[in-house]
Amino acid sequence: MTVETIPTSPIAGQKPGTSGLRKKVRVFQQPGYAENFIQAVFDVVERPAGATLVIGGDGRFHNRVVIAQAIRMAAANGYGRVLVGQGGILSTPAASHVIRTYGASGGLILSASHNPAGPDEDFGIKYNIANGGPAPEAVTEAIYARTQTIDRWLAVAGDVDIDSIGTSVVGDMTVEVIDPVADYAALMERLFDFAAIRRAVAGGFRMIFDAMSAVTGPYAVEILERRLGFPAGTVRNGTPLEDFGGHHPDPNLVHAKDLYDAMMAPGAPDFGAASDGDGDRNLIIGRHRFITPSDSLAMLAANAHLAPGYAGGLKGIARSMPTSAAADLVAKALGIPSYETPTGWKFFGNLLDAGLATICGEESAGTGSDHVREKDGLWAVLLWLNILAVRGLSVDALAREHWARFGRNYYARHDYEAVETAAANALMAELTAALSSLPGRAFGPLSVAAADSFSYSDPVDGSTSANQGLRVLFTCGSRIVFRLSGTGTEGATLRVYLEAYQPPDGAMDRETADMLADLIAAADTMAGITRHTGRTRPDVVT
Ligand code: VG1
Ligand code: CO
């Protein structure tokens with residue numbers, strides 16, 4: 001094997017965000033850009049000699065170029081085996097499962113998730129560790145530090161046909177092109193009562209699944225249509241396209257509006273769902289009933305024991321800080337612990353590995369469990385289907401039953417996108433400085449009880465992550481959270497998370513916007529959103 005050493009120099013800005021390194025495709029196309037980052041990964045991550053590396057992506061533009069190069073570099077860096085999904089396809093949860101199943105030391109997931117794709121859009125690289133989960137902060141920091149000193153990358157010659165299943169050799173390394181769906185589908189069959197769901201389908205239960213022309217299509221067709229018997233056509237936009245058909249594969253009420261409209265129409269099917277670019281997130285809409293992701297987490301946790309994989313009960317429930325407290329109420333009722341982590345799935349890994357939590361979730365429509373170490377869109381859909389099939393209830397009836405027992409956390413997230421970075425930073429800095437003066441102040445009918453900048457101490461490894469969002473708690477139990485996104489590639493995105501709790505004897509069937517109106521006004525007054533950004537309304541409300 002002849003290893004070529006290619007001299008390089010550091011490229012600024014290769015700092016991974018909430019979920020890997022995300023930049024415009026044009027940035028990734030600069031000579032050495034992807035190579036520097038991948039070499040930095042190989043230089044710092046733990047791996048035995050001859051280790052196995054998993055490579056796959058969401059099918060977006062530029063995936064194939066980077067996969068070919070990553071294979072050549074892995075061989076030069078002493079990996080013994082690469083497992084790559086056929087066509088370069090592996091959803092994020094499937095990649096997590098493959099890493100765990102085949103004892104890989106880690107994996108490269110090529111995705112920018114919900115960000116749009118194509119020559120002028122976004123690309124991303126994420127490294128997952130041997131437990132199948134996103135690299136924790138200590139690892140991403142080490143990778144970033146290495147990108148700042150890197151002076152060479154290594155490669156061998158060679159090309160692999162990633163469209164044909166089978167084994168070939170590059171340098172001294174074996175490359176196995178695997179079926180991206182098979183292992184994952186088998187795992188889902190072990191976790192869920194497919195027979196019960198099949199009976200419901202035979203009894204006329206109908207759904208729409210919108211794969212948004214991204215990675216989940218092949219998984220959804222295999223599982224929903226072939227194995228569960230939903231009619232052909234149940235999966236819409238099921239072929240992964242390099243540009244996702246020009247859409248944002250972000251499963252929310254703005255970008256999955258077609259699905260929402262179909263579910264609100266007369267004669268809507270029983271259940272609607274969508275997933276994002278890399279298949280780790282989900283949108284759940286029942287006939288005439290939208291379920292907020294925070295509520296979905298709570299409702300899944302409350303009913304998970306109805307699925308065979310969770311029949312023994314849950315060990316604990318974890319949620320990201322901005323996610324509503326609905327899941328905490330379920331944990332309390334079940335007598336199990338609840339955990340509050342910073343945004344991003346990497347913070348759940350330790351809790352899952354240590355057996356402290358079984359189910360985790362984020363307000364951004366990510367839910368998952370200890371079956372892998374990523375959030376998992378289809379998993380959430382299947383758990384919903386399992387629960388509905390066993391209970392014989394509609395989504396709306398299940399939601400009403402849940403609220404009658406636990407109360408309702410009215411919730412919304414307001415996103416201000418592509419804000420000038422300096423303006424967004426100034427807003428956050430001013431609000432941070434004002435936090436200590438907020439308690440006791442009134443905003444309309446609301447009075448502040450406490451305000452802080454969220455800092456997380458990991459109960460397993462003791463590491464601390466500071467500055468994870470600004471929280472303002474009101475005496476009535478309502479809450480506003482402010483944070484800046486860590487996944488965007490243009491300017492800054494301000495996220496404002498609003499939550500108002502109504503106990504079981506309170507108002508259960510009001511419009512969310514009405515219930516949050518006082519909080520929305522308070523958010524602008526205390527943070528000066530319009531003053532700093534010039535915006536009078538958010539770009540996206542979810
Ligand atoms: C967003 C979401 C966060 C999620 C992250 C990655 O991050 O808010 O909950 O974990 O995307 O999801 P941010 O920093 O933009 O708020 V995905 O599906 O892009 O891998
Ligand atoms: Co995603």
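**Nonpolar cores and the contact of domains 1 and 3**

In this predicted model, F271 and W379 touch the most other members of the largest nonpolar core, which holds 71 residues; such a core is a set of buried Ala, Val, Leu, Ile, Met, Phe, Trp, Tyr and Cys residues joined through side-chain atoms within 4.5 Å, buried meaning under 20% relative accessible area with a 1.4 Å probe and protein chains only. Helix α13 (residues 377-391) gives the largest share of this core, 10 residues, helices being DSSP runs of H or I of at least four residues and strands runs of E of at least two, numbered from the N terminus. Because domain 1 (4-179) and domain 2 (183-406) both contribute residues, this core lies between them. Leaving aside residues up to four places away in sequence, F271 touches residues including F205, M263, W384 and L388, where contact means heavy atoms within 4.5 Å. A second, separate core of 44 residues has A51, L108, I162 and V177 among its members.

The protein also has a domain 3 (408-541), the bounds coming from an automatic or database domain assignment. The centres of domain 1 and domain 3, taken over C-alpha atoms, are separated by 35 Å, and their contact takes 10 residues from domain 1 and seven residues from domain 3. Across this interface the rule finds zero salt bridges (a side-chain nitrogen of Lys or Arg within 4 Å of a carboxyl oxygen of Asp or Glu). Strand β2 (residues 21-24) gives the most to the domain 1 side, with three residues.

Residues are numbered from 1 along each chain as its sequence is written, and chains are lettered from A and ligands numbered from 1 in the order in which they are written. Local features need pLDDT of at least 70 and side-chain atom pairs count only at pLDDT 80 or more, whereas totals for chains, interfaces and linings use all residues, and side-chain values use heavy atoms, with hydrogens and water left out.

Notes: Buried means under 20% relative accessible area, exposed over 50%, partly exposed in between (1.4 Å probe, protein chains only).
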